[in-house]
Amino acid sequence: MAELKFIGGYPEYMRKFIDIVNKTRAKRKDYTPIAMTMEQRDEVLKVHPDYAPGGKRSISIGLNKGDMAPNEVADLIEAYPLIQGNEVDLTKPDLSVDLLIIGGGLAGTAAAVWANDKGVDKDQILLVNKLRHGDANSIMAEGGTQAADRENDSPARHFLDAIGGGHFTNKPDVLRALVEDAPLIMKWLCDLGAIFDREEDGSFVEKAGGGTSRRRMHACKDYTGLEELRVIRDEFRNREIPYLEYYPVIELLTDGSRVTGAVLYNLETGDYKIIQAKATILATGGFGRLHVRGFPTTNHYGATCDGVVLAYRAGAKLRDTDTVQYHPTGAAYPQQIIGLLLTEKLRGMGAQPVNKNGEAFVFPLEPRDVEAASFIRECYVKENGIVTPTGMRGVWLDTPMIELKNGEGTIEKSFPGMFRMFNRFDLDIRKDPVLVFPTLHYQNGGVESDPWGKTNVDSLWVAGEVSGGIHGKNRLMGNSTLDCLVFGRRTGISVAEYLKSDVKHGKLMLEHMKNYVTMLKQAGIDTTRKAPILLPDYRGKAVLARMIDVF
Amino acid sequence: MPEKDNNIMDKIAESNKSVVTGIDEKDIEHWITISILGSEYKVPAGLTIMQAMEFAGYRFVRSCGCRAGFCGACTTVYRIVGDYRLKTAMACQTRVEQGMYLTQIPFTPAERANYDIDKLSPGIEPFLTLYPEILRCLGCNSCTKACPQDIDVMEYIAAGKRGDVALMAELSFDCIQWGLCAMRCPAELAQYN
Ligand SMILES: Cc1cc2nc3c(=O)[nH]c(=O)nc-3n(C[C@H](O)[C@H](O)[C@H](O)COP(=O)(O)OP(=O)(O)OC[C@H]3O[C@@H](n4cnc5c(N)ncnc54)[C@H](O)[C@@H]3O)c2cc1C
Ligand code: SF4
Ligand code: FES
């Protein structure tokens, strides 16, 4: 690559394309492409990574044998455990608690607070984290949380929107719980001091999101998850609920039928801990760091599918493993932030997707899969994308339109995080559009549960992104932070109820894991792959090639 | 590669390679030298500090969380050779520069007060009982200078001293609790809690 000349953060040749966007803006201001028909949607979805040929295979063992899953996920399901079993001493647990919560994002943290609120003694709860408490997808949520709390709206409408977005594959009973509890969750957050965007008269500012028929997105500027997690984690700390950091769970323990605890591994010192628990809530989040089909991701460093792997070995049933959510607007430039999220709210407030000819080519708020597929088609079929210096292709998201439609200063006020992120690389999103391309965003499927988060395995609950069913095969924006809070609360309450019936601790065994290994061998899975992977590995290839293990 | 249609996914994967599987040396044209905890490494120009450290062979356990500027895990302090100024940066959101020598501060020891949110009343009282050291502020502005989020930390501390909770909440809203404000404070405050 020859030395590039940069103007306002962009190489000169990209600048020319930006000029086209800037020149056509006034003309596009009052024009919005019409939404696609069902047939048109089906057509464009052919280039969506979920539907494009290849990339998936059927799971070859366990309860979901025969279900399709992305290769990257199937690889982890068809992988051997990190331990054999005989190297850990299960006879003396390091700690016995009533409730073990695995993963401290919004879901796990909320579950702890609610369990404590409903009578589980704080010292009988333990929350374990792979990284720090809060290094999670939750803290990154930008756009908002859905709740039907206006006169022209209702939980029933919210339900219809979500099930339409999910292509009618959602599990109705859990979805019902989601929409019905939403207003209550908003009240809870406000009582804890969360500062949501407000109108002059004190009512919530509520915006539209992709696939919503009413405005019901509640946001805290573009730091919604940060604010929500902040208040809930503060409440958690005020209650002095015990927690561990850098202690991922590497295997669940069962007594043969119910989950009775877990094996923890200290990421820094390398020793293990055995935790015995009467009830376990799994809230480990998603799998963005698997980079399905080679896509970049919006997810945090620890989003590696651990929960699904652990639960499946213990006999839990999964669902909707075949779909992955790609967010249409991941950053495609500059190179340092490829894949990072540009919230859907930008489009909600007027930013238009525009191709290299300055044309608005798609209705900005199609469901995410349709919107993402239309970007891919524009770049790779119609060849109307812009190519970056590193060879990535993308389309423009015309952010200055937000200022044109809502007045100057809107971006700094409503999107301080976005504005700052680009500004660090000398890009001004108030004046210039940004280049975007779909990025891996959300694990649609996961562990199946009932409306109280209970799984088919006794004493095991799930909450948050690790669960499956609520969103079916496609999630709408703002329903996932909601999902974490609703099911965090529900699992916390449900466990508290369960514990009232004088449950005893069960035996600590790894038989389920050993049986799983036998199944892997019987299925002829001959591999050195191990799971859970805990963290991705981005070390330079040259260094890895010369790595030796001497102490 | 032959066929056109199925090949879209391959093309996409190919163009994303550098962020997904790590960087291939043969694609690099511009190199710079940085120093990590005193040891020199040659790394590709244009990476973030975090990506550059990974390129050099570091696999993060600490100092890496969201990788996107939201969690405050990747707190980094550095100087550039020849410049006396001590700078601060989020490793995941800052480009490496020639001559940068850096260290990371993955954890800040700082006091956090416990309270019952239902019993707090707005005003100056809670600050005086929970964080009395707030009155020690010297007005040196070191905290503000250390903030990666461009928050006017000193100003919100001042608002707290006046009991102006609303302004304090507004000014500190974007805080990601990375902790360097507390590390730099000569009055030993824990601004971010
Ligand atoms: C950039 C971004 C923006 C988003 N924006 C929105 C939005 O606007 N609205 C919305 O509704 N949703 C949004 N989402 C989705 C939403 O934030 C997440 O789906 C949700 O917060 C997940 O919460 P969780 O508690 O289930 O998991 P997480 O928040 O990811 O927490 C899981 C925790 O478990 C830990 N963990 C993982 N494995 C283990 C293990 N083996 N042992 C112990 N701990 C483990 C992880 O390290 C992590 O701390 C967004 C997501 C991202 C990434
Ligand atoms: S660093 Fe400490 S003393 Fe200096 S302005 Fe900030 S709070 Fe005050
Ligand atoms: S890793 Fe979270 S802010 Fe950098």
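**Surface patch and nonpolar cores of the predicted model**

In this predicted model, Ile548(A), Val550(A) and Phe551(A) together make a nonpolar surface patch of about 480 Å². Of these residues, Phe551(A) is placed in the segment that follows α16 (541–545) of chain A. Phe551(A) has a relative accessible area of 94% and is therefore classed as exposed, the cut-off for that class being over 50%.

Turning to the interior, the largest nonpolar core comprises 209 residues, and those having the most contacts inside it are Trp188(A), Ile232(A), Leu252(A), Trp396(A), Phe422(A) and Phe437(A). Helix α6 of chain A, spanning residues 172–191, supplies the largest share of this core, with 10 residues. Another core, of 17 residues, lies apart from it and includes Ile157(B), Cys175(B), Cys181(B) and Ala187(B).

The surroundings of Phe422(A), one of the residues with the most contacts inside the largest core, can be described in further detail. When residues up to four places away in sequence are not counted, Phe422(A) touches Ala331(A), Tyr333(A), Pro334(A), Ile337(A) and Leu342(A), as well as Leu427(A), Ile429(A) and Val434(A).

A charged residue was also examined, namely Arg15(A), which lies in helix α1 (residues 12–28) of chain A. The relative accessible area of Arg15(A) is 13%, so this residue is counted as buried, a class that requires a value under 20%. With its neighbours within four places in sequence left aside, Arg15(A) is in contact with Ile7(A), Gly8(A) and Tyr10(A), and also with Asp432(A).

Note on methods
Residues numbered from 1 in each chain as written. Chains lettered and ligands numbered in written order. Predicted model: local features only at pLDDT ≥ 70, side-chain atom pairs only at ≥ 80, totals over all residues. Heavy atoms only, no water. Patch = residues over 30% accessible without salt bridge, like charges linked within 9 Å, V, L, I, M, F, W, Y side chains within 5 Å. Areas by Shrake-Rupley, 256 points an atom, 1.4 Å probe, with all protein chains shown as cover. Salt bridge = Lys/Arg side-chain N within 4 Å of Asp/Glu carboxyl O. Helix = DSSP H or I, 4+ residues; strand = E, 2+ residues; numbered from the N terminus. Buried < 20%, exposed > 50% of the residue type's maximum accessible area, 1.4 Å probe, protein only. Core = buried A, V, L, I, M, F, W, Y, C linked by side-chain atoms within 4.5 Å. Contact = heavy atoms within 4.5 Å.
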